[in-house]
Amino acid sequence: MEAGKESKPKQPCPHDKLVYDSEHGEYVCLETGEVVEEKIIDERPEWRAFTPEERGRRARTGGPLTTTVHDMGFATAIDYSNKDAAGRKLMGKRQELVKLRKWQARTRILTSMDRNLAQAMNELERLGDLLNLPSHVKEEAARIYREAVEKGLVRGRSIESVIAAAVYVACRELKVPRSLDEVSRHTRIGRKDIARCYRLLLRELDIKVGTTDPVDYVPRIVHALGLPGNVVKRAVELLNVVREHGVSGGKDPAGLAAAAVYVASLELGEKRTQKEVAHVAGVTEVTVRNRYKELAKIFGLDANAF
């Protein structure tokens, strides 16, 4: 290298140009041919499977860890099929297997915290199915409840009310539109108790949740009414204009979304009655009518066209 000249720093290979050579255990750059990394351990299984059933038979590990099971999914279970690993029936061992299952179930729940979590996770699964919640929301609700148990917030309160509050917090955090009334409708606990536990979780666990956006409710309402996708687009456009006018402040987001869907359906010739829209949105018909009048003033619609 000539004096006074400095070598330029080497530019790393772009990630989209790296390929894995399984035969040699190397990562190679397609542009320069450089071996970026070598002697890589292949962590994939040595067997191959071409169907989900075949994959399930050949796998030697359990399911992934999950917070929605009280023991995080570590424990195993003795099958009720009374068959060995080769699929042959076990003859003369029925009573022994019954005892083994009984003791295996007892050893899974040893402490009071285990019993609390087992009951709470069963309630979470039931509530999640009734509210049709995705798995990531249930995982977050389980995490919140576990943190509440560790801080002693469940002591003196019903498990059902705290887990319902945790579900509502998770929905608010992850922008999944579920109202407090919907959550309380599927529990034996009153709305006030769930709201009290909700405020407790926010305060003690230092959780910050934003305001609910009416736009989050639009796809759910449109799908329940069987309307096409262009209604979603138009309703979102209407809500964005409403937000600019400052009308959405202090209003029930579900009611505002229901009114926007109602207006959009009228404009696009997919008319639904206010009663139908109110029913699927979980609000009263009066709420839809009042929000419609507010939207009518902004967009110059006939406020009396119900």
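**From the sheet to the helices**

Leu18 stands opposite Cys29 in strand S2. This pair offers a starting point for a walk through the model, which is predicted.

The strand S1 covers residues 18–21, and S2 covers residues 26–29. These two strands pair in the antiparallel sense, over 4 bridges. Between them lies a hairpin with 4 residues separating the strands, and within this hairpin Gly25 adopts a positive phi near 65 degrees.

From S2 the path continues to S3. S2 and S3 also run antiparallel and are joined by 2 bridges. Two residues of S2 illustrate the pairing: Tyr27 has Glu37 of S3 as its bridge partner, while Val28 stands opposite Val35 in S3. The hairpin that links S2 and S3 has 5 residues between the strands, and there Gly33 takes a positive phi near 75 degrees.

Taken together, the 3 strands form an open sheet in the order S1-S2-S3, with antiparallel pairing. The edge strands are S1 and S3, the latter formed by residues 35–37, and each of them pairs on one side only. On average, neighbouring strands of this sheet are turned by 40 degrees against each other, if direction is ignored. As a general point, the strands of a sheet pair through backbone hydrogen bonds, in either a parallel or an antiparallel manner.

Beyond the sheet, attention may turn to a single loop residue. Thr68 belongs to the loop between helix H1, residues 52–58, and helix H2, residues 94–108. Is Thr68 buried or exposed? Its relative accessible area is 18%, and because buried means under 20%, Thr68 counts as buried. Leaving aside residues up to four places away in sequence, Thr68 touches Met121, Leu124, Lys138, Glu139 and Ala142.

The final step concerns a pair of helices. The axes of helix H8, residues 218–225, and helix H10, residues 253–267, come within 9 Å and cross at roughly 55 degrees. This angle makes H8 oblique to H10. The crossing in which H8 passes H10 is right-handed. Which residues make the contact? On the side of H8 they are Val218, Ile221, Val222 and Leu225, and on the side of H10 they are Ala254, Ala257, Ala258 and Val261. Classified by type, the contact of H8 with H10 comprises 8 nonpolar residues, with no polar and no charged residues.

Methods
Residues numbered from 1 in each chain as written. Predicted model: local features only at pLDDT ≥ 70, side-chain atom pairs only at ≥ 80, totals over all residues. Heavy atoms only, no water. Axes fitted to C-alpha atoms, helices over the stretch in contact; angles between N-to-C directions. Parallel < 35°, antiparallel > 145°, perpendicular 65-115°, else oblique. Left-handed = near helix turned anticlockwise from the far one by under 90°. Contact = heavy atoms within 4.5 Å. Nonpolar A, V, L, I, M, F, W, Y, C, P; charged D, E, K, R; others polar. Pairing = 2+ DSSP bridges. Buried < 20%, exposed > 50% of the residue type's maximum accessible area, 1.4 Å probe, protein only.
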